Amino acid sequence: MLMSVYERIHELGMLMAVGMNRRKVFGMIMFETAFLTFLGALGGMLLGFVTNAITGRTGLDLAAVGGDSLNEFGYPSMVFPTMETPMYFILTLLVVIMVFITSIFPAVKALKLKPAEAVRKE
Amino acid sequence: MTIIKTEKLTKVYDDNSLPVRALNKVDLEFEPGEFTAIVGPSGSGKTTFLNMIGGLDKPTEGKIIIDGTEISKLSDSKLIDFRLHNIGFVFQAYNLLPVLTAKENVSFIMLLQKTDPKKMEARAMELLKQVGLEDKVDVRPSKLSGGQQQRVAVARALASKPKFILADEPTANLDTESAFNLLDIMARLNKEENVTLIFSTHDQRVIERARRVVTLVDGAVAKDERR
Ligand SMILES: Nc1ncnc2c1ncn2[C@@H]1O[C@H](COP(=O)(O)OP(=O)(O)O)[C@@H](O)[C@H]1O
Ligand SMILES: [Mg+2]
């Protein structure tokens, strides 16, 4: 992932070198970020909701992995996971952080670089 | 008529502890239609010189005048616009956007210039044909060889109808055959379309193709031959 962040800086640097102005670069990043965040958050929530709905109904049979050992400690081996609403927000936040690292961070880096530095081959 | 003129062009890199004088009072002039190779050993200042006349970095001292405009005096944002409309670039690497096809890579520069989309498409096809890639228009860079990628970069550099094209070691990552092929295309564009080209190289094989050879040594012009 670091690699892609790194490549992203060079890509944006190339765009600025050939004549894309800061406003356009910024606009493009914002659009991309909004789009990715929206998709990511939507996908994450849907996935969370579906697994939650299924496992919440059928239960997870922990006996399959832990045998009866859980019973011995006084826990039932069938658990019914439910995700609290705040969990969704945490997941969404994680998505936003990911998008930030892969898209906004390189953009800020590239905007600060001199174009000559961004297209330098290392 | 002079299209590029440098006067006592000097660049000192001093962000590190030891200042480096990469260019030292370089006076050069380039005419429209010239095909020039900037040669010299590694570290002689070729990249620095191209970055300066390409408006990618600013000189420490001296002047750069392009078609009557002293670009060393332009603000950063004016300079970006100046580059877009006046200069075509071919870099050693990181030329193309991996998510775009060859045609789209050539087109986006015209998009930045707000070209009519219908003309844009036709021009991108025409340029890719000129560099011999008419059968690769819808292919992404990862599916192209290094030589083909550089040819797309040349087509892209031409797309904006620049006053001149700068190429910093365009053949550095290419095998001999692809290197010659790229230079042949550049030589043809220069001869037939009167495109002004300046490229740097330390590759003896491709210097022959140029019609003018400027040799840099330690940031100064050591030789300037026309043939
Ligand atoms: N960003 C930079 N910071 C410090 N020194 C640099 C930088 N870029 C180039 N140099 C130095 O300037 C000199 C000329 O470099 P360069 O223009 O890249 O030469 P060439 O392209 O001919 O190999 C070299 O000594 C190099 O180390
Ligand atoms: Mg160099």
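This briefing walks through some features of the structure above, topic by topic. Keep in mind that the model is predicted. Ligand 1 lies between chains A and B, and chain A carries a nonpolar patch on its surface. Across all chains there are 15 salt bridges and three aromatic pairs.

**Around ligand 1**

- Let's start where the two chains come together around a guest: ligand 1 sits between chains A and B.
- In total, 14 residues surround ligand 1, and the closest are Gly43(B), Gly45(B), Lys46(B), Thr47(B) and Thr48(B).
- Thr47(B) uses its side chain here, with an N or O atom 2.7 Å from an oxygen atom of ligand 1.
- The side chain of Lys46(B) does something along those lines: one of its N or O atoms is 2.9 Å from an oxygen atom of ligand 1.
- With Ser44(B) it's the backbone that comes in, as a backbone N or O atom lies 3.2 Å from an oxygen atom of ligand 1.
- Taken on its own, ligand 1 has 560 Å² of accessible area, and the protein covers 74% of that.

**Helix H1 of chain B**

- Lys46(B), one of the closest residues to ligand 1, is also one of the buried residues in H1(B).
- The other buried residues listed for H1(B) are Thr48(B), Phe49(B), Leu50(B), Asn51(B), Met52(B) and Ile53(B).
- Because seven of its eight residues are buried, H1(B) is largely enclosed by the rest of the structure.
- After H1(B) comes Gly55(B), which has a positive phi, near 70 degrees.

**Aromatic pairs**

- The count over all chains is three aromatic pairs, and one of them joins Phe30(B) and Phe49(B) in a tilted arrangement, 6.2 Å centre to centre with 40 degrees between the planes.
- Phe30(B) belongs to strand S2 of chain B and Phe49(B) to helix H1 of chain B, so this pair ties together parts that are 19 residues apart in sequence.
- Both rings are tucked away: Phe30(B) is buried at 0% relative accessibility, and Phe49(B) is buried with a relative accessible area of 0%.
- Another tilted pair brings Phe35(B) and Phe199(B) together, 5.6 Å centre to centre and with 40 degrees between the planes.
- This one reaches further along the chain in terms of what it connects: Phe35(B) is in strand S3 of chain B and Phe199(B) in strand S8 (residues 197-201), so parts that are 164 residues apart in sequence are tied together.
- Here too the partners are hidden, with Phe35(B) buried at 2% relative accessibility and Phe199(B) buried at 0%.

**Salt bridges**

- Of the 15 salt bridges over all chains, one is formed by the side chains of Lys11(B) and Asp57(B), at 3.6 Å from N to O.
- Lys11(B) lies in strand S1 (residues 4-13) of chain B, while Asp57(B) is in the loop between helix H1 (46-53) and strand S4 (61-66), so the pair ties together parts that are 46 residues apart in sequence.
- Lys11(B) and Asp57(B) are both buried.
- Glu34(B) and Arg226(B) also meet through their side chains, in a salt bridge of 2.3 Å from N to O.
- That pair links distant parts of the chain, 192 residues apart: Glu34(B) sits in the loop between strand S2 (20-30) and strand S3 (35-39), and Arg226(B) in strand S10 (residues 220-226) of chain B.
- The two partners sit in contrasting surroundings, since Glu34(B) is buried with a relative accessible area of 11%, whereas Arg226(B) is exposed at 54%.
- Glu192(B) pairs with Arg188(B) in a salt bridge, with 3.8 Å between the closest N and O atoms.
- Because they are four residues apart in helix H6 (residues 176-193) of chain B, Glu192(B) and Arg188(B) are about one helical turn from each other.
- Glu192(B) counts as exposed at 57% relative accessibility, and Arg188(B) as partly exposed at 34%.
- Shared partners also build a network of salt bridges, which joins Glu34(B), Arg212(B), Asp224(B) and Arg226(B).

**A nonpolar patch on chain A**

- Over on chain A, a nonpolar surface patch has about 780 Å² of accessible area in all, and its members include Met87(A), Ile90(A), Phe100(A) and Phe105(A).
- Phe105(A) is found in helix H5 (residues 85-112) of chain A.
- With a relative accessible area of 39%, Phe105(A) is partly exposed.

Key. Residues numbered from 1 in each chain as written. Chains lettered and ligands numbered in written order. Predicted model: local features only at pLDDT ≥ 70, side-chain atom pairs only at ≥ 80, totals over all residues. Heavy atoms only, no water. Patch = residues over 30% accessible without salt bridge, like charges linked within 9 Å, V, L, I, M, F, W, Y side chains within 5 Å. Areas by Shrake-Rupley, 256 points an atom, 1.4 Å probe, with all protein chains shown as cover. Salt bridge = Lys/Arg side-chain N within 4 Å of Asp/Glu carboxyl O. Helix = DSSP H or I, 4+ residues; strand = E, 2+ residues; numbered from the N terminus. Buried < 20%, exposed > 50% of the residue type's maximum accessible area, 1.4 Å probe, protein only. Near = heavy atom within 4 Å. Polar contact = N/O pair within 3.5 Å; in protein donor to acceptor, adjacent residues only side chain to side chain. Phe/Tyr/Trp six-rings, centres within 6.5 Å; stacked < 30°, edge-to-face > 60°.
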